[in-house]
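Dear colleague,

Please find below the structure that I am handing over to you. My notes on its salt bridges follow.

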Amino acid sequence: MKPTVFIVEDNTDIAELIQFNLDIAGFNTVLESHGTRAYERIIKDPPDLVLLDLSLPGLSGIEICKYLREQANTKDIPIIMLTARDQESDKVRGLNIGADDYITKPCSMNEMLARINAVLRRTSPTLIDSIQLGDLEINFASNLAYCKNSEIQLTPIEFKILTALVKAKGRILSRTDLLEIVWGIDYTGEERKVDVNIKRLRDKLIGCKNIIQTIKGIGYRIERE
């Protein structure tokens with residue numbers, strides 16, 4: 001699965017350099033130089049991550065970040081701000097209104113790629129091929145899980161439960177949440193089905209640290225490192 005990065009940068013040379021390197025690294029990219037147009041395009045077709053310059057014609061990067069965080073369909077999109085060395089106060093403002101990270105220009109493309117991948121791992125783990133949680137590796141491309149490099153034989157339901165908990169990023173999922181995510185909103189069976197499958201999943205993960213936590217009376221969550 002190739003994540004889409006929306007690049008908002010009005011310096012053509014910088015924008016094309018970023019786009020070139022992200023394309024080579026396997027990302028889908030969208031480019032826009034005007035703040036207002038960028039905001040309208042992002043709202044219409046949300047990407048997986050926004051790389052956002054602060055100084056733009058039309059809406060500024062600060063305004064775009066603020067408005068995206070106010071919209072239901074874009075409030076969770078990861079945003080990395082591109083800042084100049086003399087924009088310290090804007091950097092702080094951006095982080096305070098919801099930016100996930102910042103990159104000071106000029107920077108190496110290796111640093112930029114590392115920061116993008118780090119933010120995606122933290123905010124949208126299933127957009128990357130795999131994620132490591134202690135001794136447990138989950139490969140979303142192949143729907144396989146490994147404990148200490150040995151494959152764990154999971155059923156499709158068990159893998160869906162594990163994926164749902166990982167995607168929740170430490171947030172507690174109730175039994176009702178898991179029923180709707182894994183079995184569908186039309187499922188009318190008992191919530192006990194979740195507990196049974198969680199137990200089976202835990203038994204299969206016995207060789208790894210017990211990362212699935214039971215929150216008594218509420219539900220389950222993944223213990224993130």
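Helix α3 spans residues 61-70 and contains both Glu-70 and Lys-66. These two residues are four positions apart, about one turn of the helix, and they form a salt bridge whose closest N and O atoms are 2.8 Å apart. Lys-66 is partly exposed, with a relative accessible area of 39%. Please bear in mind that the model is predicted.

Helix α8, which covers residues 192-204, holds Arg-192 and Asp-195. The side chains of Arg-192 and Asp-195 meet in a salt bridge, at 4.0 Å from N to O. The two residues are three apart in the helix, so about one helical turn separates them. As to their surroundings, Arg-192 is exposed, at 53% relative accessible area, whereas Asp-195 is buried, at 16%.

Asp-203 and Lys-199 also lie in helix α8. Their side chains form a salt bridge with an N to O distance of 3.2 Å. Because Asp-203 and Lys-199 are four residues apart in this helix, they are separated by about one helical turn. Lys-199 is exposed, with a relative accessible area of 52%, while Asp-203 counts as partly exposed at 45% relative accessibility. Elsewhere in the sequence, salt bridges with shared partners link Glu-9, Asp-53 and Lys-105 into one network.

For the structure as a whole, the count comes to 13 salt bridges. Those described above include the pair Glu-70 and Lys-66, the pair Arg-192 and Asp-195, and the pair Asp-203 and Lys-199.

With kind regards

How values were computed. Residues numbered from 1 in each chain as written. Predicted model: local features only at pLDDT ≥ 70, side-chain atom pairs only at ≥ 80, totals over all residues. Heavy atoms only, no water. Buried < 20%, exposed > 50% of the residue type's maximum accessible area, 1.4 Å probe, protein only.
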